[in-house]
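Okay, everyone, thanks for coming. I'll put the structure up and then walk you through a few spots in it.

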Amino acid sequence: MTWIQWIGTHFIGMFEAGGKQFMGLLTGIVPTLIVLLTFTNAVIKFVGEERINKAVQFASKYTLLRYTLMPILSILFLTNPMAYTFGRFVPEKQKPAFYDSLVSFLHPVTALFPYANAGELFIYLGIANGLRQAGYSTSELAVRYFLVGIVIMLLRGIITEQISKVLAKKMETRSK
């Protein structure tokens, strides 16, 4: 009988803890996300959507820009999942690599720009909370996380592009 009472007490406790967590997000990160998203949309309006499109088309011609600048801009301006639409500026044969580089940057971007992929914010916040409790600076972590993310997305984009080329050649050979 005591175990039923224990379950009843802790069952509602679970929802109370969830409510506290929700209120923490509502008074903490949510206003920041809204302001960052408003800022990004304002930049798009000031610069002009047409100019941004031209810059992205230019960037898609060069490997370094295609797997660094393009994914960063697409995530910052369009956020996840709309960021994938920047793939329209990339030739068909490079789309898998662009997608791979973009996806590999969705977690690191949350360190400095949490609105860009708010659904995955819990990963960064979990790590940051542990460091904060240990007495370390989370701003250093955010910058390092972001920079390593750029390197990883470049490497993944280049490697996936090479793998796609090899697979395309194999498929061409088999179809002949």
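**Salt bridges, a helix pair and a greasy patch**

Let's start with Lys95: its relative accessible area is 29%, so we call Lys95 partly exposed. Before I go on, keep in mind that this is a predicted model.

So what does the Lys95 side chain meet? It forms a salt bridge with Glu92, at 3.4 Å from N to O. Glu92 is exposed, with a relative accessible area of 61%. Exposed here means over 50%, so Glu92 makes that cut.

How many salt bridges turn up if you search the whole structure? There are 5. I'll take you through two others, and both involve Glu161.

Here's one: Glu161 pairs with Arg66, and the closest N and O atoms sit 3.2 Å apart. Where are these two? Glu161 is in helix α8, while Arg66 is in helix α4, residues 63-66, so this salt bridge ties together parts that are 95 residues apart in sequence. And are they buried or exposed? Both Glu161 and Arg66 are buried.

Now the other one. Glu161 also meets the side chain of Lys165 in a salt bridge, 3.8 Å from N to O. Glu161 and Lys165 are 4 residues apart in helix α8, so about one helical turn separates them. Look at the accessibilities, though: Glu161 has a relative accessible area of 7%, which makes it buried, whereas Lys165, at 43%, counts as partly exposed. Put the pieces together and you get one network of Arg66, Glu161 and Lys165, joined by salt bridges that share partners.

While we're on helix α8, let me zoom out a bit. Helix α8 covers residues 138-175, and it packs with helix α6, residues 95-104. Their axes are 8 Å apart and the angle is about 155°. Anything over 145 degrees counts as roughly antiparallel, so that's how α6 and α8 run relative to each other. As for handedness, the α6 and α8 crossing is right-handed.

Last stop, the other end of the numbering. Which residues make the nonpolar surface patch? They are Trp3, Ile4, Trp6, Ile7, Phe11, Ile12, Met14 and Phe15, and the patch comes to about 920 Å². Take Trp3 as one of them: it lies in helix α1, which spans residues 2-27. With a relative accessible area of 56%, Trp3 is exposed.

That's my tour. Happy to rotate the view if anyone wants another look.

Definitions and conventions. Residues numbered from 1 in each chain as written. Predicted model: local features only at pLDDT ≥ 70, side-chain atom pairs only at ≥ 80, totals over all residues. Heavy atoms only, no water. Patch = residues over 30% accessible without salt bridge, like charges linked within 9 Å, V, L, I, M, F, W, Y side chains within 5 Å. Areas by Shrake-Rupley, 256 points an atom, 1.4 Å probe, with all protein chains shown as cover. Salt bridge = Lys/Arg side-chain N within 4 Å of Asp/Glu carboxyl O. Helix = DSSP H or I, 4+ residues; strand = E, 2+ residues; numbered from the N terminus. Buried < 20%, exposed > 50% of the residue type's maximum accessible area, 1.4 Å probe, protein only. Axes fitted to C-alpha atoms, helices over the stretch in contact; angles between N-to-C directions. Parallel < 35°, antiparallel > 145°, perpendicular 65-115°, else oblique. Left-handed = near helix turned anticlockwise from the far one by under 90°.
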